[in-house]
Amino acid sequence: MARAVRYEQFGGPEVLKVVEVEEPHAGPGEVRVRVSAAGLNPVDYKIFHGGPAAEAFGGAPGSGVGNDFAGVVDEVGEGVTELSVGDRVFGGKRHEAIADFVMTSPRALHRTPDGVTDELAAGLSIAGRTAAAAIGQLDLGASDTVLIGGAAGGVGVLATQLAARTGATVIGTASERNHEFLRGLDAIPVSYGDGLADRVKDLGTPTAAADLNGVEVIETAKEFGVPAGRITAIAAHGHEDGGFVATGGVDAPADALPRIAQGLADGSLVLPLEASYPLEQVADAYRRLEQGHVRGKIIITLN
């Protein structure tokens, strides 16, 4: 038998249960990954809460939980030549990540570079692709000043660094406790909330923006005359009336995750871990994520 997290009704983190399931085995064209760590994302709890996210992503009572994972290939199905038993990998599989084993196609996986822990790799799939998409579509250069909303979060911390790599000046919104951290990423921190435009005006004039946490930065960027084509957003639900480019991980280049993972390996990128919880405390982990103000990622570890 193997362990997996399931929910039998929609609700808060209290509906999540660690259950025993039949141990899966790799079929033709599949590999089995023995999961050692799984990364949490806000979309996970939006799904198990029910509502639009559950409808969009096919979540339903009886589903598993999570998307991002990392571990070691421990079974290889017939016809698989891309990976071998013992290879360290990371990837994503919706509704199945927080479990002892994930069955998937080798094409859905990436090799984990030496020097990158499974805990770090487990936080990459959604955050890395989303950050690459949000920043890549802005076509930033050294003459730009980009305003990033939610700059210290799981997506934001990577987006901030990818933007800084272009030579652009980066202004990032964050809570006060994350300001010094953002300065260490070569970003100029600014507190979010009422009066944001006035505070930003004292720091620079945005020519582009990426809102990773709602619509506040979209509206602020518009006040500075930033054109819609240079404003990206990942969570502006209910504001589909234009004025920005809605984006997500599906828009990331194919090599985004390997490049980000290599950046973590060589130290040119960082991804902080806010907290790590054992599998048995998965509900507590999601409660922490729902509280917000997370720096980087929250990780579930599986022994």
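Is the crossing of α4 and α5 left-handed or right-handed? Start there, then move to two buried loop residues and one more helix. Note that the model is predicted.

1. **How α4 and α5 cross.** The crossing of these two helices, α4 and α5, is right-handed. Helix α4 covers residues 125-136, and helix α5 covers residues 154-165. Their axes come within 8 Å and cross at roughly 45°. The two helices, α4 and α5, are therefore oblique to each other.

2. **Who makes the contact.** From α4, the contact uses Ala 127, Gly 128, Thr 130, Ala 131, Ala 132 and Ile 135. From α5 come Gly 154, Val 155, Leu 158, Ala 159, Leu 162 and Ala 163. Sort the residues of this α4 and α5 contact by character: nine are nonpolar, three are polar and none is charged.

3. **Thr 112, a loop residue.** Look in the loop between β7 (109-111) and α3 (118-121) to find Thr 112. Is Thr 112 buried or exposed? Its relative accessible area is 8%. Buried means under 20%, so Thr 112 is buried.

4. **What Thr 112 touches.** The side chain of Thr 112 reaches the backbone oxygen of Val 89 at 3.4 Å. Set aside the neighbours within four places in sequence. Thr 112 is then in contact with Arg 88, Val 89, Phe 90 and Ala 121.

5. **Ile 98, another loop residue.** The loop between β5 (88-92) and β6 (101-104) holds Ile 98. The relative accessibility of Ile 98 is 1%, so Ile 98 counts as buried.

6. **What surrounds Ile 98.** Which residues are in contact with Ile 98, leaving aside its neighbours within four places in sequence? They are Ala 4, Val 5, Ala 38, Leu 40, Val 65, Gly 66, Leu 279, Val 282, Tyr 286 and Ile 300. Compare sequence and space for one pair: Ile 98 and Arg 3 are 95 residues apart in sequence, with 8.7 Å between their C-alpha atoms.

7. **The buried side of the story for α10.** Helix α10 covers residues 282-291. Its buried residues are Val 282, Ala 283, Ala 285, Tyr 286, Arg 288 and Leu 289. Two of these names, Val 282 and Tyr 286, also appear among the contacts of Ile 98.

8. **What covers α10, and what follows.** The cover over the buried residues of α10 includes strands β1 (2-7), β2 (16-21), β14 (273-278) and β15 (297-301), along with helix α1 (42-48). Just after α10 comes Gly 292, with a positive phi of about 80°.

Methods
Residues numbered from 1 in each chain as written. Predicted model: local features only at pLDDT ≥ 70, side-chain atom pairs only at ≥ 80, totals over all residues. Heavy atoms only, no water. Axes fitted to C-alpha atoms, helices over the stretch in contact; angles between N-to-C directions. Helix = DSSP H or I, 4+ residues; strand = E, 2+ residues; numbered from the N terminus. Parallel < 35°, antiparallel > 145°, perpendicular 65-115°, else oblique. Left-handed = near helix turned anticlockwise from the far one by under 90°. Contact = heavy atoms within 4.5 Å. Nonpolar A, V, L, I, M, F, W, Y, C, P; charged D, E, K, R; others polar. Buried < 20%, exposed > 50% of the residue type's maximum accessible area, 1.4 Å probe, protein only. Polar contact = N/O pair within 3.5 Å; in protein donor to acceptor, adjacent residues only side chain to side chain.
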